[in-house]
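User: I'd like to go through this one by asking how each label is earned. Could you set the values against the rules for me?

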Protein chains: 4
Amino acid sequence: MDGYPFVHSEHVRFRDLDAMGHINNAVFATYIEQARVEYLASLNVLDRPVYDQGAESMILARLEIDFRAPGDAEPDMVDIGVRPASVGRKSFTLDYRLEQGGELLAEASTVLVSYDYERARSREVPDDWRNALERPGPVNA
Amino acid sequence: MDGYPFVHSEHVRFRDLDAMGHINNAVFATYIEQARVEYLASLNVLDRPVYDQGAESMILARLEIDFRAPGDAEPDMVDIGVRPASVGRKSFTLDYRLEQGGELLAEASTVLVSYDYERARSREVPDDWRNALERPGPVNA
Amino acid sequence: MDGYPFVHSEHVRFRDLDAMGHINNAVFATYIEQARVEYLASLNVLDRPVYDQGAESMILARLEIDFRAPGDAEPDMVDIGVRPASVGRKSFTLDYRLEQGGELLAEASTVLVSYDYERARSREVPDDWRNALERPGPVNA
Amino acid sequence: MDGYPFVHSEHVRFRDLDAMGHINNAVFATYIEQARVEYLASLNVLDRPVYDQGAESMILARLEIDFRAPGDAEPDMVDIGVRPASVGRKSFTLDYRLEQGGELLAEASTVLVSYDYERARSREVPDDWRNALERPGPVNA
């Protein structure tokens, strides 16, 4: 997980498997979402959960996943590295790396748009978000 | 759904909603998967379900989704248009358009690699698949 | 579906299958929930979706499912019959029958407690709910 | 978790929440399933995963859940205690207790039938299963 200072680990559930015994592709999106929620919480700039809608919210605008290997039931943890890739005026991009037992499962990327639900429109990325996203160094151990 | 000869409709379940009351982003991947399964079955070139692994199988190599509007519980159907975008030597690309009540929810694309599970390696797209994918005109009504 | 005046049909998704190729047991709970949402909406006594929390809400207090046969990918629809079994002072019981292609998959039952989220306590089943639940005859065709 | 020698903990995912912000009832079934899979694996009497179908398999015949409190996003772990309740000739019953942050969320019970998929019929609970299920004392710490 070189270059991924933040890593969230998710337990593979039997329900995550599909009829081929592989981790279903939609579950990759769930693992990525969970890692994103944990990463954004770790930035300590949100005064409430990321999914609470208000003046300071964000919208998932784009998701891309490159699947590199099928995931299986074992080993039973999937590690999801998260890192900020770029911060624009109204949006930012996070990159992800999914590994299972040290093997690369997928690489992914999401674009998140800063959004004000109360006014129902996009808005500039707040300075404290920008600072947190651009802060160097490890976020978790 | 202009340009999408094949359209699959999926019923929005309460379980598809997230804590914001929107259709969760991972569920978009599930809708897309279901439309893909139905589309591939409609081509009539597979002698068994697409998820049966054998000499004639395919692997999802890439998924990209551009979210255009949040999906809601109502109207309770999401329409997913599918069309072949390109057919390469060992892979092909399908494009998707998701609408709810005529409103655009998302545009998406997947790359599928032709794969032989028995030999554990990619292989050329079979001719009958290629012919079916390149066949013009409406696939379903 | 004798004795089940209300029947909701749900499309089986590839994502509903587990690693054995069967409809996962938790998905039965989802089918039952969806049929319940549709059934309660059909009673026309709620002025908003059943999952909106307020003075007139209900809580799922108990779920029991007897699995009679494994569900499969085909036929691709599961029919879920719903009927009121009994109405108590503060709760009521709904019974369910799940069939796939005419074959019995499961029988189920739920207890729902009438609840006032604003006051955070159970309350009597409102008269209009009681009347609707005890109304005889077919609810949908 | 008095009386529950085996406890499995599952991380609450954002995807586990429903539109009310509560852990969805079907996800309780998934937590219970996951704890069951882990518990059965801990008995060390199966030579392959419980969901592999063969001569020594089991079928979920009944699930009942009594919901005691809504589950939330926080605290982010749900603990699921599992214990054998009774062992019959061809089936056995497991009891479950779900807690979040020490608070009781639900009590549950499942009946599992010993099944031979190759012969497509129920069969007696194998002696080594029976012995493992009836073995006293803590299974995990």
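Analyst: Sure, and let's begin with a loop: P75(D) is found in the loop between β2 (57-67) and β3 (77-87) of chain D, where strands (E, at least two residues) and helices (H or I, at least four) are DSSP runs numbered from the N terminus. The peptide bond from E74(D) to P75(D) is cis, with omega near -10°. In chain C, a cis peptide bond joins E74(C) and P75(C), again with omega of about -10°, and P75(C) sits in the loop between β2 and β3 of chain C.

User: What are the ground rules for the numbering and the values?

Analyst: Residues are numbered from 1 along each chain as its sequence is written, and chains are lettered from A and ligands numbered from 1 in the order in which they are written. This is a predicted model, where local features need pLDDT of at least 70, side-chain atom pairs count only at pLDDT 80 or more, and totals for chains, interfaces and linings use all residues, while side-chain values use heavy atoms, with hydrogens and water left out.

User: What makes A120(B) worth a remark, and where does A120(B) lie?

Analyst: A120(B) has a positive phi of about 55° although it is not a glycine. Its place is the loop between β5 (103-116) and β6 (121-122) of chain B. For A120(D), phi is near 55°, also positive in a residue other than glycine, and A120(D) lies in the loop between β5 (103-116) and β6 (121-122) of chain D.

User: Why is the relation between chain B and chain D called a two-fold axis?

Analyst: Copies are superposed by least squares on the C-alpha atoms of residues with pLDDT of at least 70 in both. Done that way, a rotation of 180° with 0.0 Å of shift along its axis puts chain B on chain D, at an RMSD of 0.0 Å. That is the relation of a two-fold axis. A19(B) is the residue of chain B that comes closest to the rotation axis, at 2.2 Å for its C-alpha.

User: And how do you know which residues of chain B and chain D are in contact?

Analyst: Contact means heavy atoms within 4.5 Å, and by that test 10 residues of chain B touch 10 residues of chain D. The buried area (accessible area, 1.4 Å probe, that two parts lose on being put together, summed over both) is about 850 Å² for chain B and chain D, 58% of it on carbon and sulfur atoms. F14(B), R15(B) and A19(B) supply 67% of what chain B buries against chain D, more than any other three residues.

User: How do chain B and chain A relate, and how do you know that the copies meet through the same surface?

Analyst: A turn of 180° and a shift of 0.0 Å along the axis lay chain B on chain A with an RMSD of 0.0 Å. In chain B, the C-alpha nearest that axis belongs to E64(B), 2.1 Å from it. 100% of the interface residues of chain B are also interface residues in chain A, so the copies meet through the same surface. In this pair, 21 residues of chain B are in contact with 21 residues of chain A, and about 1900 Å² is buried, of which carbon and sulfur atoms give 49%.

User: What makes E64(B) and R62(A) a salt bridge?

Analyst: The rule wants a side-chain nitrogen of Lys or Arg within 4 Å of a carboxyl oxygen of Asp or Glu. The closest N and O atoms of E64(B) and R62(A) are 3.2 Å apart, so the pair qualifies. Across the interface of chain B and chain A the rule finds four salt bridges, whereas the count between chain B and chain D is zero.

User: How many salt bridges are there over all chains, and what does the one between E107(C) and R68(C) tie together?

Analyst: A search of the whole structure finds 36. E107(C) and R68(C) meet at 2.8 Å, N to O. E107(C) lies in strand β5 (residues 103-116) of chain C and R68(C) in the loop between β2 (57-67) and β3 (77-87), so the pair ties together parts that are 39 residues apart in sequence.
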